[in-house]
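Visitor: I would enjoy a close look at a single part of this chain. Could you pick one residue, start there, and then work outward to the rest of the model?

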Amino acid sequence: MAITGLMAAPLSDGRLQVFASKNDGTLWTLWKVGTDANSAWTAWQRPMPASSLGVKVGCAAPLPNRALQLFVIANAGFNHAISNWAGG
C-alpha cells in the first residue's frame with residue numbers, strides 16, 4: 001500500500017506522533033515511546049473512527065491544552081476533525 005499523505009505533531013510531553021494516509025483510504029499512526037531522541041517507535045496502528053473514512057489527506061496540530069487534533073479530508077470532502085484515538 002502506498003502512503004498518500006503524511007503528517008506529524010508533538011504530543012504534550014514532546015514526543016512525536018506521526019499519521020499516514022494510504023491509497024486505500026485508511027489512516028495509520030505511530031509515536032515515539034519515550035522522550036529521548038533515540039527512543040523506539042510503536043508499531044503502526046489504525047486509530048478509530050478515522051480508519052474507515054476514506055482519508056485522502058490531513059494535518060495534525062496541538063490544541064491550546066496540548067492535546068492533538070487531527071483534521072482530515074475524506075472521500076466526502078473536509079468533514080472530519082478527530083481528537084479521540086488510542087495511543088500517544
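Guide: Happy to. Let us start with Phe19, which lies in strand β2, the stretch covering residues 16–22. Please keep in mind that this is a predicted model. Is Phe19 buried or exposed? Its relative accessible area is 0%, and because the cut-off for buried is under 20%, Phe19 counts as buried.

Now for its surroundings. Phe19 belongs to the largest nonpolar core, a set of eleven residues. The other members are Met7, Ala9, Leu11, Leu27, Trp31, Val55, Ala60, Leu68, Leu70 and Val72. Three elements each supply two or more residues to this core: β1 (3–10), β3 and β5 (68–74). Of the elements, β5 gives the most, with three residues.

One core member is worth pairing with our starting point. Ala60 is 41 residues away from Phe19 along the chain, yet their C-alpha atoms are separated by 8.0 Å. For the chain as a whole, take the contacts between residues at least 6 apart in sequence: 27% of them join residues at least 24 apart.

Rings deserve a word too, with Phe19 and Trp31 both in the core. How many aromatic pairs does the structure hold? The count is zero. There is, however, a charge placed over a ring: the charged end of Lys22 sits over the ring of Trp28, 4.8 Å from the ring centre.

Stepping back to the fold, the chain has six strands and zero helices, so its pattern along the sequence, going by DSSP runs, reads β-β-β-β-β-β. Of the 88 residues, 38% are buried, Phe19 being one that meets the cut-off. The accessible surface of the chain comes to about 4,900 Å², and carbon and sulfur atoms account for 57% of that area.

Finally, how confident is the predictor in each region? The average pLDDT of the chain is 78, and 74% of the residues score at least 70. Among the elements, strand β3 (residues 27–31) has the highest mean, 89, whereas strand β6 (residues 77–82) has the lowest, 56. Strand β3 is also one of the elements giving two or more residues to the core around which we began. Over residues 84–88 the pLDDT stays under 50, and for that stretch the model has 15 contacts beyond four places in sequence.

Note on methods. Residues are numbered from 1 along each chain as its sequence is written. This is a predicted model: local features need pLDDT of at least 70, side-chain atom pairs count only at pLDDT 80 or more; totals for chains, interfaces and linings use all residues. Side-chain values use heavy atoms; hydrogens and water are left out. pLDDT is the predictor's confidence in each residue, from 0 to 100. Helices (H or I, at least four residues) and strands (E, at least two) are DSSP runs, numbered from the N terminus. Contact means heavy atoms within 4.5 Å. Rings of Phe, Tyr and Trp (its six-membered ring) pair if their centres lie within 6.5 Å; planes under 30 degrees apart count as stacked, over 60 as edge-to-face and the rest as tilted. A charge sits over a ring if NZ of Lys or CZ of Arg is within 6 Å of the ring centre and within 35 degrees of the ring normal. A nonpolar core is a set of buried Ala, Val, Leu, Ile, Met, Phe, Trp, Tyr and Cys residues joined through side-chain atoms within 4.5 Å. Buried means under 20% relative accessible area, exposed over 50%, partly exposed in between (1.4 Å probe, protein chains only). Accessible areas come from the Shrake-Rupley method with a 1.4 Å probe; for residues, only the protein chains shown count as cover.
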